[in-house]
Amino acid sequence: MTAGPVLSALAGWDTPALSNALRRTAAGADGQEYTDGSIRRIAGGTMLGTAVTATMRARQPGDDAVPVAELHRAVLAAEGPVVVVVQDLDEVPGAGAFLGEVNGTLLSALGISGFVTDGRVRDEPDLRGMGYAVHASGLCVARAHMRLTAVGVPVRVAGLDVVPGDLLHGDGHGVLKIPADAAPALPALAGEIRAEEQRVVAWARSADFTPEGLLALKRVRH
């Protein structure tokens, strides 16, 4: 588990800034893992926490359900803030929602930081008051035949592979997985890059800006 001060420092940055910082670590550009844009933030603000995972189905009935209590136990057993990540295994996800007013309130009582799914959610006005971020592919009407089918397993949501314990950071841009070994260095790197960027921005807005200077500007990383 990443230490509390590191988490606090990471929480002060957005996902683009942390992605920029990761470029200056061993993760580089190609080693980064993040959602592909097929889900969006439905409710809440910035989220940061370690993943507790589950899978679900809803389109057709089945006898493969596991008790929701298994998810609650996994959340309680995790250290620090938690992001619940649920993969919808239906061939066409989104027939029914796990997260709504009731399950959402129970997870709020457990103090989670965020909820991420490639399926859909419902009771949007209630979710906006839960106090945690919700990322999903959209909204739906019904619960349908929703049931959890496993807890604590590897999942793939919106192109992002997640295993229990992964550190996730999310905001309106999407969800970024942060390698544990890189996490301590990221806030300082993000600060360095932001300072570099702001020097360029300040110059572009100043009386010193010229087209010739722009063409001569050497910017490789961003």
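Helices (H or I, at least four residues) and strands (E, at least two) are DSSP runs, numbered from the N terminus. Residues are numbered from 1 along each chain as its sequence is written, and side-chain values use heavy atoms, with hydrogens and water left out. This is a predicted model, in which local features need pLDDT of at least 70 and side-chain atom pairs count only at pLDDT 80 or more, while totals for chains, interfaces and linings use all residues.

**Stop 1: helix α1**

Select residues 4-11, which form helix α1. Val6, Leu7 and Leu10 are buried here (buried means under 20% relative accessible area, exposed over 50%, partly exposed in between; 1.4 Å probe, protein chains only). These residues lie on the same side of α1, because they cover an arc of only 100° around the axis; the arc is that of the directions from the helix axis to the C-beta atoms. An α-helix has 3.6 residues a turn, so residues three or four places apart point the same way. Now turn to the other side of α1, where Pro5 and Ser8 are exposed.

What covers the buried residues of α1? Show α2 (15-22), β3 (47-57), β12, β13 and α6 (186-204), which are included in that cover. Contact here means heavy atoms within 4.5 Å.

**Stop 2: strand β13**

Next select residues 174-178, strand β13. Five of its five residues are buried. Add strand β12 (residues 167-171), which pairs with β13 in the antiparallel sense over five bridges; two strands pair if DSSP finds at least two bridges between them. A hairpin of two residues joins β12 to β13. To see the register, pick Leu167, which stands opposite Ile178 in β13.

Then add strand β1 (residues 33-34), also antiparallel to β13, with two bridges. Here Glu33 is opposite Lys177.

**Stop 3: salt bridges**

A salt bridge is a side-chain nitrogen of Lys or Arg within 4 Å of a carboxyl oxygen of Asp or Glu. By this rule the count comes to nine salt bridges.

Select Glu196 and Arg24, whose side chains meet in a salt bridge at 2.7 Å, N to O. Glu196 lies in helix α6 and Arg24 in the loop between α2 and β1, so the pair ties together parts that are 172 residues apart in sequence. Glu196 is partly exposed, at 29% relative accessible area, and Arg24 is partly exposed at 25%.

Move to Arg57 and Asp90, a salt bridge whose closest N and O atoms are 3.9 Å apart. Arg57 is in strand β3 and Asp90 in the loop between β4 (82-88) and α4 (101-109), 33 residues apart. Is each partner buried or partly exposed? Arg57 is partly exposed at 29% relative accessibility, whereas Asp90 is buried at 9%.

Now select Glu124 and Arg128, a salt bridge with its closest N and O atoms 2.6 Å apart. Glu124 is partly exposed at 22%, and Arg128 is exposed at 53%. Finally, show Arg57, Asp64, Asp90 and Arg147 together: salt bridges that share partners join these residues into one network.

**Stop 4: a nonpolar patch**

Select Phe209, Leu214 and Leu217, which make a nonpolar surface patch of about 230 Å². Patches are made of residues with over 30% relative accessible area and no salt bridge, with like charges joined within 9 Å and nonpolar side chains (Val, Leu, Ile, Met, Phe, Trp, Tyr) within 5 Å. Accessible areas come from the Shrake-Rupley method with a 1.4 Å probe; for residues, only the protein chains shown count as cover. Leu217 is in the segment after α7 (211-216) and is partly exposed, at 34% relative accessibility.
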